[in-house]
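These are my notes on the model, set out as numbered points. They deal with the ligand site and then with the cysteines.

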Amino acid sequence: MKILGLESSCDDTGVAVFDSDRGLLAHRLASQTIHSEFGGVVPELAARDHIRVLMPLVDRVLIDAGLEGQSPDGVAYTRGPGLAGALLVGASVGRSLALGWQIPAVGIHHMEGHLLAPMLEAEPPDYPFVALLVSGGHTLLVDVKGPGRYQILGTTRDDAVGEAFDKTAKLLGLGYPGGPAVARHAASGHPGRFHFPRPMMDRPGLDFSFSGLKTHTLTTVNQCIDADGPLNAQTVCDIARAFEQAAVDTLSGKSTRALKQTGYARLVVAGGVGANTRLRAVLGDAVAKHGFTVFYPRPEFCTDNGAMIAYAGYLRIAAGQHSQDSSFEVKARWSLEDLPAVML
Ligand code: KG4
Ligand code: ZN
């Protein structure tokens, strides 16, 4: 069964074809660059760019997958959560293609896509596992008993961790998107110069809070400016380092706690911040100490992509969870816990 996957929930247009017999046949991504001058994603511009890019990308991916002139067996698109206008582009294109081809279509939860992304790798995790989902809009610890069987163990009370990376980058004058820029500068930072708090680690439970860390960055920036004038390049790196270390120590600490609480031995890390190399190093130390196994998607599938949507779509269409309706709705907000289970 060959499933076409479409991702358009934010500022990346992703298209892929997943084949249940042969795995991933093709995938392409178009990342929007128009938002950098505004310091964040502008929803209306994102939607317009998806309209411009999506169909040409579908044509290219079908050719790459050897499906030129043929239809796949189903279409999966991201139904939510995300920017409503951007989601509507993928949903309307996905539904229209399915109607024209007379094949089933299914709307996929974006975060389910992320948490299933490691299933595209050579050594996928068995169920059950704990998923740490860390993106620009979400910070979640999820008990994953099987596809569609999700229980949220912890979430952020304020900013998502990717958002905290992006805001820290802005405070340090590093531009948007900020996560990779903070990580790059942190690599040249001195580890001992500043110490940032590890938010919520002193309290029981699995929730996160990152707004205090962002405020701590702001206070540190202002103190350095008062003392020395404009931030010098080394100070920027040192602050980036202290922020990154505090953020990833917290993610690792809470993930270890979630594994202890569930008794599971497998951790899946996905979403854009999962590409962070210091997070991977700190989790590597936790693996050595506590003896669990950690699974990541390849870095290009940590961030938004069509492959994860095609895979999740395959599972749900194979389980009969699809429709051929021409009517559809998208969900800007949507809990993972509201999804139906998929029987394997
Ligand atoms: O999953 P994703 O591509 O999109 C959302 O669904 O939000 O995640 C994007 C987030 C952004 O906040 C970006 O700054 C962050 O992931 N990010 C990183 C890194 N690469 C992307 N954060 C820290 N280190 C990175 N290497
Ligand atoms: Zn995402």
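1. The shell around ligand 1 consists of 18 residues, and the closest of them are G136, D166, G179, G272 and N276. Please keep in mind that this is a predicted model.

2. By residue class, the shell around ligand 1 holds eleven polar, five nonpolar and two charged residues.

3. Three helices, α3 (110–116), α4 (161–171) and α5 (178–186), each contribute at least two residues to the shell around ligand 1. The largest contribution is that of α4, with three residues.

4. Where does ligand 1 lie with respect to domain 1 and domain 2? Residues of the shell come from both domain 1 (2–116 + 301–338) and domain 2 (127–296), so ligand 1 lies between them.

5. Oxygen atoms of ligand 1 have polar partners in the protein. A side-chain N or O atom of H110 is 3.2 Å from a ligand oxygen, and a side-chain N or O atom of H114 is also 3.2 Å from a ligand oxygen. For G162 the partner is a backbone N or O atom, at 3.1 Å from an oxygen of ligand 1. Ligand 1 on its own exposes 560 Å², of which the protein buries 87%.

6. The structure contains zero disulfides. C10 takes part in none, and the nearest cysteine sulfur, in C302, is 16 Å away. C10 counts as partly exposed because its relative accessibility is 24%.

7. Why is C224 not bonded to C237? The two sulfurs are 13 Å apart, which is too far for a bond, although C237 holds the closest cysteine sulfur to that of C224. C224 is buried, at 9% relative accessible area.

Methods. Residues numbered from 1 in each chain as written. Chains lettered and ligands numbered in written order. Predicted model: local features only at pLDDT ≥ 70, side-chain atom pairs only at ≥ 80, totals over all residues. Heavy atoms only, no water. Disulfide = S-S within 2.5 Å. Buried < 20%, exposed > 50% of the residue type's maximum accessible area, 1.4 Å probe, protein only. Near = heavy atom within 4 Å. Polar contact = N/O pair within 3.5 Å; in protein donor to acceptor, adjacent residues only side chain to side chain. Areas by Shrake-Rupley, 256 points an atom, 1.4 Å probe, with all protein chains shown as cover. Helix = DSSP H or I, 4+ residues; strand = E, 2+ residues; numbered from the N terminus. Nonpolar A, V, L, I, M, F, W, Y, C, P; charged D, E, K, R; others polar. Domains from an automatic or database assignment.
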